[in-house]
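I opened my notebook on this one with a few plain lookups in mind. Here is what I went after, entry by entry.

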Amino acid sequence: MSGIIAVYALVVAVLIAGNMKPPPDKEYSLFEGCLHLACGLSVGLTGLAAGYAIGIVGDAGVRAYMQQSRIFVGMVLILIFGEVLGLYGLIVALILNTRSSG
């Protein structure tokens with residue numbers, strides 16, 4: 001489940017790299033640099049939080065599943081909620097990236 005979080009970071013990295021041009025064509029301002037840093041930090045830190053959440057919930061869920069098999073659906077729902085943290089970071093990064101390219 002946590003593999004998709006790496007894809008979120010890859011998407012943001014491609015978008016940031018697409019906004020950067022060589023110096024003769026476009027000057028890279030401090031404002032754009034800070035926005036791109038904020039994009040990377042938002043997707044990276046939320047991905048880190050989502051990874052921790054998925055790891056902790058997955059470990060506890062697998063241990064609980066061995067005790068009671070009815071816990072499986074609830075475990076998957078909580079794992080999805082943990083993964084949504086990374087999606088929120090992607091959304092923030094996309095909003096910031098559209099601000100920097102305009």
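**Entry 1: a histidine and its surroundings.** I began with H36 and listed what it touches beyond residues up to four places away in sequence: I16, N19, M20, Y28, N97 and S100. H36 has its place in helix α2. I then looked up its accessibility, which is 6%, so H36 counts as buried. A reminder to myself before going on: this is a predicted model.

**Entry 2: the cores.** Which residues make up the largest nonpolar core? I found seven: Y8, V12, I16, C39, V43, L90 and A93. Helices α1 (3-19), α2 and α3 are the elements that give two or more residues to this core. The biggest giver is α1, with three residues. I noted that I16, a member of this core, is also on the contact list of H36.

I took a further look at Y8. Leaving aside neighbours within four places in sequence, I see Y8 in contact with V43, G86, L87 and L90. There is also a second, separate core of five residues, and I jotted down I5, A50, M75 and L79 as among them. For context, I wrote in the margin that in soluble globular proteins nonpolar side chains tend to be buried together.

**Entry 3: the cysteines.** How many disulfides are there? My count came to zero. Why do C34 and C39 not pair? The closest cysteine sulfur to that of C34 is the one in C39, and they are 11 Å apart, which is too far for a bond; a disulfide would need the sulfur atoms within 2.5 Å. I also compared their surroundings. C34 is partly exposed, with a relative accessible area of 46%, whereas C39 is buried at 0%. C39 is the one I had already met in the largest nonpolar core.

**Entry 4: the salt bridge.** I searched the whole structure and came away with one salt bridge. D59 forms it with R63, and the closest N and O atoms are 3.0 Å apart. Both residues lie in helix α2, four residues apart, or about one turn of the helix. Are the partners buried or exposed? D59 is partly exposed, at 41% relative accessible area. R63 counts as exposed, at 56%.

**Entry 5: nonpolar residues on the surface.** Next I turned to the outside and found a nonpolar patch made of Y65, M66, I71, F72, V73, L77, I78, I80 and F81. Together they have about 890 Å² of accessible area. The elements that give two or more residues to the patch are α2 (30-67) and α3 (72-100). Here α3 gives the most, with six residues. I picked out F81 for a separate check: this residue is found in helix α3, and its relative accessibility of 54% means that it counts as exposed.

**Entry 6: one distance.** Last, I looked up I54, which is found in helix α2. I54 counts as buried, at 11% relative accessibility. I paired it with F72, a member of the surface patch. The two are 18 residues apart along the chain, and their C-alpha atoms are separated by 14 Å.

Technical notes: Residues are numbered from 1 along each chain as its sequence is written. This is a predicted model: local features need pLDDT of at least 70, side-chain atom pairs count only at pLDDT 80 or more; totals for chains, interfaces and linings use all residues. Side-chain values use heavy atoms; hydrogens and water are left out. Buried means under 20% relative accessible area, exposed over 50%, partly exposed in between (1.4 Å probe, protein chains only). Patches are made of residues with over 30% relative accessible area and no salt bridge: like charges are joined within 9 Å, nonpolar side chains (Val, Leu, Ile, Met, Phe, Trp, Tyr) within 5 Å. Accessible areas come from the Shrake-Rupley method with a 1.4 Å probe; for residues, only the protein chains shown count as cover. A salt bridge is a side-chain nitrogen of Lys or Arg within 4 Å of a carboxyl oxygen of Asp or Glu. A nonpolar core is a set of buried Ala, Val, Leu, Ile, Met, Phe, Trp, Tyr and Cys residues joined through side-chain atoms within 4.5 Å. Contact means heavy atoms within 4.5 Å.
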